[in-house]
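Biologist: I am new to this structure and would like to be taken through it. Could you please show it first?

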Amino acid sequence: MSSLCNLQFSYLLSHNKLWNNNLDDIREKKVGQYTSTLFKTCKLIIPSASLANTSLSYNTTTHNSGWFGKFGGKYVPELLMTCLSNLEDEFYNAINDAKFQEELKVALRDYVGRETPLYYAKRLSEYYKKDYGHEPEIYLKREDLNHGGAHKINNALAQAMLAKRMGRMSIVTATGAGQHGVATAAVCAKLGLSCTICMGSLDIQRQPSNVGIMELLGAQIKTVDGTYKDASSEAFREWVANLESSYLLPGSVVGPHPCPMMVREFQSVIGNEVRKQAMEKWGGKPDVLVACVGGGSNAMGLFHEFKQDEEVRMFGVEAAGYGLESGWHSATLSKGDVGVYHGTMSYLLQDDEGQIVGPYSVGVGLECPGVGPELSYLKDSQRAEFHSVTDEEALLAYKRLCKLEGIFPALEASHAVAFLDKLCPTLPHGTKVVLNCSGRGNKDVATVQQLDQTVHMYNYDRGNNSLHNTKTTLPTQRLLNIPTEEHALRFPYLREYVQQPYSRKNNK
Ligand SMILES: Cc1ncc(COP(=O)(O)O)c(C=O)c1O
């Protein structure tokens, strides 16, 4: 890439323009105002066929092309097109190479610890019988037992092996909750690759234990003001500035083609194992699949294997944060609009100008401004159903799984567990539910305790007005869970503690 193009491209990235444009803007060519200086060297690729209305029946035959109906694509400057095409070729070379496949299989078994168990959660199943009279059979896919504590390593390992095969010895990525960061740092150490991880300053404060692990594993942490939204843009900038030597390792099924397809393929080991394990355990398929949705990699990892089995119902659970109407949530599919962000078309949280509205959840890893394009297609084709649960519901589910099963799920996975409250009363007796327990929750213990203490304090210590006198900024309020106007709307007794009434435009 020429340095001029590089500079301009970085400028556009830093102003969030090239990566975040409304579909209507693109159709009306409003993006030209941002890209006119680049057009000769870095034109936007907008295949007009992709914008046509597509059939809503789910069709997987074309889904390796990078389009999922109107979603997906490669909205990138022309020079990145070559990089992405090379990446796609190398990906196919690798997965068709028996040696690569064998090395990956051995590493998944001996390093990651696959296969992960499909665990019958008997007491959790009984809990729903007690309340609702009929009992689903709930099975947890134990991705929390993977090395590093989450599903993220399935993808990080395979992509790092691919990068090394391509001669890229320097890995750059971004992390929110730190689980993808830990996974990437670990596999880079194992493979002798250098590793730079961009992380938002607020996320560093919210997930400190993972930061410590990443550093011990030899990664260089690059602190970026803000959250994952900001860190992921910085990772793109790092990559674009060093295209020859570096490899951008996406942690979810997002970004331009082939990234969503590659990450899905590397995560589909989850669903493949579930099919085999279900056959061994009850001689059939699951009736219902449940997964939390941030960018969507653990959900696609579970769903991909079963997309063609129409009798298998698929549920994705988004983070409703303080509530869908509060504006503080990460529910891109429930409340977002279609637009282009980070090189792909999908549902996004954006304002009227097409600028990203920062997502929020107590499950930091669910704070993705844009969801993977295939999930957008699953929503519009109605092949999967999407729901959301609040911070409070996720917190209760975290504690319930601890008490009933002795399993501590990540707060992200707790959103899927919490959804069982809404789902189970609707299910016939004996329904086989497979829930992806995408990660373990030791990283979240301090958050859970802090939230508990906060609630405790609000309930029993209302005479203490120390919070009332604290001057604080909004991010600090979020970090400390000091009540905002949105809290007060949900819990009127908190109103007396609200410091800085902060109105936030809902994105819809
Ligand atoms: C344990 C866990 N589950 C889920 C997610 C959400 O990511 P995705 O939707 O890509 O699975 C994260 C992200 O960090 C995570 O750490």
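Modeller: What follows is a short walk through the fold, the ligand shell, the core, a sheet and one residue. This is a predicted model, in which local features need pLDDT of at least 70, side-chain atom pairs count only at pLDDT 80 or more, and totals for chains, interfaces and linings use all residues. Residues are numbered from 1 along each chain as its sequence is written.

Biologist: How many helices and strands are in the protein chain?

Modeller: The protein chain has 21 helices and 15 strands; these are DSSP runs numbered from the N terminus, helices being H or I of at least four residues and strands E of at least two.

Biologist: What share of the residues counts as buried?

Modeller: Of 508 residues, 51% are buried. Buried requires 20 or more other C-beta atoms within 10 Å of the residue's own, exposed 12 or fewer, and partly exposed lies in between, with C-beta atoms placed from the backbone.

Biologist: Which residues come nearest to the ligand?

Modeller: Gln179, Gly294, Ser297, Gly365 and Gly439 do, out of 20 around the ligand; a residue is near if its C-beta atom, placed from the backbone, lies within 6 Å. Helix 8 (179-191), helix 14 (297-303) and helix 18 (411-423) each give two or more residues to this shell.

Biologist: Now the core, please. Which members of the largest nonpolar core touch the most others?

Modeller: Ala160, Leu289 and Val290 do, in a core of 125 residues. Such a core is a set of buried Ala, Val, Leu, Ile, Met, Phe, Trp, Tyr and Cys residues joined through C-beta atoms within 7 Å. Beyond four places in sequence, the contacts of alanine 160 include Ile171, Val187 and Leu249; contact means C-beta atoms, placed from the backbone, within 7 Å.

Biologist: What is the strand order in the open sheet of six strands?

Modeller: The order is 4-5-15-10-11-14, with mixed pairing; two strands pair if DSSP finds at least two bridges between them. Strand 4 (118-120) and strand 14 (384-390) are the edge strands. Strand 5 (residues 137-142) and strand 15 (residues 432-437) are parallel, with six bridges, and leucine 140 has leucine 435 as its bridge partner in strand 15.

Biologist: One last residue: why does glutamate 90 count as partly exposed?

Modeller: Glutamate 90 is classed that way because it has 17 C-beta neighbours inside 10 Å. Glutamate 90 lies in helix 4 (residues 78-95), and its contacts beyond four places in sequence are Leu162, Arg165 and Met166.

How values were computed. Contact = placed C-beta atoms within 7 Å.
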